[in-house]
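Please walk through this model with the enclosed spaces as the starting point. The ligands, the loops and two helices come after.

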Amino acid sequence: MKKLGFGLMRLPTIGGDFSKINLDLVQPMVDMFMEHGCTYFDTAYVYHGGFSEVAFRECVVKKYPRDSYTITTKLPLFGKPDRAGMEKIFAESMERLGVDYLDYYWLHAMGRGNYEHALKVGAFDYLRELRDAGKIRHMGFSFHDSPECLDQMLTEQPDVEFVQLQLNYLDWEDAGVQARRCYEVATRHGKPVIVMEPIKGGSLANPPKKAEKLMKDYNPDASCASWAVRFAASLPNVMVVLSGMSELWQVEDNLSYMDNFVPLTDGEKAVLEKAAEEIKFAIPCTACRYCTDGCPMSINIPEVFALYNNMKRDLRKKGEAKEKFAELIKTSGSPDSCIGCEQCVNACPQHLEIPKLLAECSADLS
Ligand code: SF4
Ligand code: SF4
């Protein structure tokens, strides 16, 4: 199997509305991906407000034979569903996707809190039942917590087959994400790893100038994104690296080096280590948007953080960032309207203190 997977969480949209996917733009992206022999698609019940699964049905299921691709989707436990709730979510996913079985079904964004709920409602047993009934082929979970928590989960749930991890060269030794240690735990338990966020929400495609120069000096033709994807794909226990592609040129760029994938050389690894030292983000948001749906004040949290990060990276762009911020809060809630309900904090896989950070952003961008 090719190591490049198509993440369906950042698809092109219409009019900036995240729930309106531009299928006319998605179709050629899917076609190019499939033409190059890539087969792995990843979505989730919550992506694009549920329309990512629908887009998959429209652009893949309706056009390609069932045995020419694999699909992964994910069962969210954020809303604390009981058994009936999980059954409803699964049925809805199947209807949206238009398939009669899933290749892979994950519990979504697991960590200590969700794990406790999973045990309480028998979520792992539910996945086992689905697997025994042939409705899913493989079970696993995506994960955002400590290596100790991962070790406990894999010890207590030994028949889980795969783990999806946030892994990239910046988070490899990061004290919060601890990607290397999580990868090592999964490997020790014999679980193949599916990589998410290899480009850290797109931010490693456009790193600070010093880091970019190191990469360009070594290889002027390689995109910064290619360094990040190849870093993850070079790890021996990585089965697939997901790239959340939004435009056709990104599919083209990814295929240019993943079609006939060559692992990083020692020289390239050394360049990336140096580049990582040059990269700091004020707010390590990956723009996953898990926080936005439930915000009662409709604050576009990832956009606010992206503007803030851009401004901090290049202070000459402060004026531009302020202008964009003024535009943004005309169509979405102002960070100042945050009521501190912490819904977003509970949903954030990066464990960001969102209300506090929003206040800082607002003070600097207003
Ligand atoms: S704490 Fe603020 S930003 Fe977060 S969900 Fe509540 S209102 Fe929205
Ligand atoms: S703040 Fe957290 S949940 Fe929201 S988009 Fe960023 S990383 Fe995702």
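The largest cavity in this predicted model has a volume of about 90 Å³. It is lined by 15 residues, and those closest to its centre are C285, C288, R289, C291 and C348. Which helix gives the largest share of this lining? That helix is α12, with 3 residues. By class, the lining of the largest cavity holds 12 nonpolar residues, 2 polar and 1 charged. Cysteine counts as nonpolar in this scheme.

Ligand 2 sits in this largest cavity. Its shell has 13 residues. The closest of them are C285, C288, R289, C291 and C348. These five names also head the list for the centre of the largest cavity. The shell around ligand 2 divides into 10 nonpolar, 2 polar and 1 charged residues.

How many cavities of 30 Å³ or more are there? The count is 2. Rolling a probe the size of a water molecule over the atoms is what shows where empty space is left.

Turn to the second largest cavity. About 80 Å³ of space lies there. Its lining has 15 residues, with C295, I299, C338, C341 and C344 closest to the centre. Two elements give two or more residues to this lining, α14 and α15. Of these, α15 gives the most, with 3 residues. The classes in the lining of the second largest cavity are 12 nonpolar, 2 polar and 1 charged.

Which ligand sits in the second largest cavity? The occupant is ligand 1. Around ligand 1 there are 14 residues. C295, C338, C341, E342 and C344 are the closest. Helices α14 (343-347) and α15 (354-365) each supply at least two residues of this shell. By class, the shell around ligand 1 has 11 nonpolar, 2 polar and 1 charged residues.

Now look at the loops. Two residues there have a positive phi although neither is a glycine. A287 is found in the loop between α11 (266-277) and α12 (301-313). Its phi is about 60°. Is A287 buried, partly exposed or exposed? A287 counts as partly exposed because its relative accessibility is 29%, and that class runs between 20% and 50%.

H351 is in the loop between α14 and α15. Its phi is positive, about 55°. The relative accessible area of H351 is 53%, so H351 is exposed. The cut-off for that class is over 50%.

Next comes an open space. The second largest pocket has a volume of about 780 Å³. This pocket is lined by 33 residues. L170, D171, W172, E173 and D174 lie nearest its centre. Which elements give two or more residues to the lining of the second largest pocket? They are β8 (162-166), α7 (179-188) and α11. The largest share, 4 residues, comes from α11. Helix α11 also marks one end of the loop that holds A287. By class, the lining of the second largest pocket has 18 nonpolar, 7 polar and 8 charged residues.

Move to helix α5, residues 123-132. Buried here are A123, F124, Y126, L127, R128 and L130. An α-helix has 3.6 residues a turn, so residues three or four places apart point the same way. What do the buried residues of α5 pack against? Their partners are three strands, β5 (70-76), β6 (102-110) and β7 (136-143), together with the helices α3 (83-97), α4 (112-121) and α6 (147-156). After α5 comes G134, with a positive phi near 80°.

One more helix remains. S256 lies in α10, residues 248-258. S256 counts as exposed because its relative accessibility is 57%. How far apart are S256 and S243? They are separated by 13 residues in sequence and by 14 Å in space, C-alpha to C-alpha.

To return to the ligands, ligand 2 sits in the largest cavity, and ligand 1 sits in the second largest.

Notes
Residues are numbered from 1 along each chain as its sequence is written. Chains are lettered from A and ligands numbered from 1 in the order in which they are written. This is a predicted model: local features need pLDDT of at least 70, side-chain atom pairs count only at pLDDT 80 or more; totals for chains, interfaces and linings use all residues. Side-chain values use heavy atoms; hydrogens and water are left out. A residue is near a molecule or strand if one of its heavy atoms lies within 4 Å of it. On a 1 Å grid over the protein atoms alone, a cavity is a set of points where a 1.4 Å probe fits but cannot get out, and a pocket is an open set with protein on both sides within 12 Å along at least five of seven lines; lining residues have an atom within 4 Å of a point. A molecule sits in a cavity or pocket if more than half of its atoms lie within 2 Å of its grid points. Buried means under 20% relative accessible area, exposed over 50%, partly exposed in between (1.4 Å probe, protein chains only). Grid points are joined across faces, edges and corners, and a volume is the space filled by probe spheres set on the points. Contact means heavy atoms within 4.5 Å.
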